[in-house]
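I'm opening the notebook on a new structure today. The plan is to look things up one at a time and jot down what turns up.

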Amino acid sequence: MRRPAPSVLFVATGALVLVLALGASRCASSAPDGLARVAADHGLESAESPIPESPLADYGGGADGSEGIDRGVAGLIGAAVVGGIAGGVVGGAAYTAAHIRRRSASRSGGRSEAAGATPGGGPVR
Amino acid sequence: MHVPDGFVDGPTSVAAGVAAGAALALCLRRSGGEDPESRVAMTGLVAAFVFAAQMLNFPVAGGTSGHLLGGLLAAVLVGPWLGALAMAVVVLVQCLLFADGGITALGLNIVNLALVPTWAAYGVFLLARRALPRTRRGVLAAAAVAAGSSVVLASMAFLLEYALGGTSPVGVRTIAGPVLGVHVLIGVGEAVITVLVLGAVLAARPDLVYGATNRIVLREVVRT
């Protein structure tokens, strides 16, 4: 039996994500997070990133001196990308699993037909 | 909470990357099953929510902030396999698109932020569930304990990596106290947010909560 699609939850979470992402630019504390703070206090230095930074770097803060975009917009883009990829990965894995199941089921069904008819005389379903 | 490039040396980072890859492959294998639409939607939602919530830093002590990690929340909502996948996607996108977390530290960050808080804390959750009453409140209390511990466990994973391959002359013993201390505080915030969100989902759609549906608890949870 199929569970109904989580439509109410979808809308609610979508709304919440929207609020969170948009609120991130206004309400979030700008103090460094725990690890960054300890690192700064004890002189741990990070190295240069070996890859070029995207325009969204630092949540829209602006990489390499560019002006950057609104943090809330960056958050929305990120949330959409993350949600899409995560859903896509799970969907792909589920599709692959179902495909493998179907293929092995049809293979074993074919094998028992080739071995001979069932005593009842009818085709193997 | 994301490890930048350069904190931990190459061999340790590579080892973490290999472990992360193997773990995620396992998650992919375990993510088949029935009702794929629901799982696709829920995993996507959980991942998007965690990403957005991780942007909301809250102050924890003078001049320091924390944010939701979300690993336990993900595990309780969609299960340990899909939860770890969701968290890993968040870490990946944060690293590649937002320069949060070094690219050479990607394996480390997936271990610390997607695997440890999801799996180790889910284990704590299951143990706590056994000790607590089988009611909605029991589920939430177990989630609170597990969520708080998830942040501390994640920071311990970092300390272990740093002990094995830290590049700075500062010893792990020096930073262990401050690191653990601040993450205990952040863990409190994690517990509070987790309980609020999980409580809301349990109230609206308890059938969608993995941590409540795969146990007999669901009947009791829905009845209370």
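**Entry 1: a patch on the surface**

Before I start, I need a cut-off: a residue is called exposed when its relative accessible area is over 50%, buried when it is under 20%, and partly exposed in between. I should also note that this is a predicted model.

I looked up V19(A) first. V19(A) sits in helix 1 of chain A, which covers residues 7-27. Its relative accessibility is 57%, so V19(A) counts as exposed. V19(A) also has company: together with L18(A) and L22(A), V19(A) makes a nonpolar surface patch of about 260 Å².

**Entry 2: helix 2 of chain A**

Which residues of helix 2 of chain A are buried? I found G34(A), L35(A), V38(A) and A39(A). Looking down the helix axis, I see these buried residues fall within an arc of 130 degrees, so they line one face of helix 2. That made me recall a bit of helix geometry: an α-helix has 3.6 residues a turn, so residues three or four places apart point the same way.

What do the buried residues of helix 2 of chain A pack against? The partners are in chain B: strand 2 (64-66), helix 5 (136-165) and helix 6 (172-204).

Just past the end of helix 2 of chain A, I noted G43(A), which has a positive phi of about 75 degrees.

**Entry 3: salt bridges**

How many salt bridges are there over all chains? The count is two.

One joins D41(A) to R37(A), with the closest N and O atoms 3.2 Å apart. I wondered why these two are separated by about one helical turn. It is because D41(A) and R37(A) are four residues apart in helix 2 of chain A (residues 34-42). Both come out as partly exposed: D41(A) has 49% relative accessibility, and R37(A) has 24%.

In chain B, R205(B) and D207(B) form a salt bridge through their side chains, at 3.0 Å from N to O. Here the two partners fall into separate classes. R205(B) is buried at 15% relative accessibility, while D207(B) is partly exposed at 24%.

**Entry 4: cysteines**

I went hunting for disulfides and found zero over all chains. Why is C27(B) not bonded to C95(B)? The sulfur of C95(B) is the closest cysteine sulfur to that of C27(B), but the gap is 19 Å, too far for a bond. For the cut-off, a disulfide needs the two sulfur atoms within 2.5 Å. I checked from the other side too: C95(B) is in no disulfide, and its nearest cysteine sulfur belongs to C27(B).

Buried or exposed, then, for C27(B)? C27(B) is buried, with 0% relative accessible area. C95(B) is buried as well, at 5%.

**Entry 5: two more residues in chain B**

A99(B) caught my eye because its phi is positive, near 55 degrees, and A99(B) is not a glycine. Where is A99(B) found? A99(B) is in the loop between helix 3 (71-98) and helix 4 (106-131) of chain B. At 35% relative accessible area, A99(B) is partly exposed.

Last lookup: T12(B), in helix 1 of chain B (residues 10-29). T12(B) is buried, at 13% relative accessible area. Leaving out residues up to four places away in sequence, T12(B) touches L108(B), E161(B), L164(B) and G165(B).

Note on methods:
Residues are numbered from 1 along each chain as its sequence is written. Chains are lettered from A and ligands numbered from 1 in the order in which they are written. This is a predicted model: local features need pLDDT of at least 70, side-chain atom pairs count only at pLDDT 80 or more; totals for chains, interfaces and linings use all residues. Side-chain values use heavy atoms; hydrogens and water are left out. Patches are made of residues with over 30% relative accessible area and no salt bridge: like charges are joined within 9 Å, nonpolar side chains (Val, Leu, Ile, Met, Phe, Trp, Tyr) within 5 Å. Accessible areas come from the Shrake-Rupley method with a 1.4 Å probe; for residues, only the protein chains shown count as cover. A salt bridge is a side-chain nitrogen of Lys or Arg within 4 Å of a carboxyl oxygen of Asp or Glu. Buried means under 20% relative accessible area, exposed over 50%, partly exposed in between (1.4 Å probe, protein chains only). The arc is that of the directions from the helix axis to the C-beta atoms. Contact means heavy atoms within 4.5 Å.
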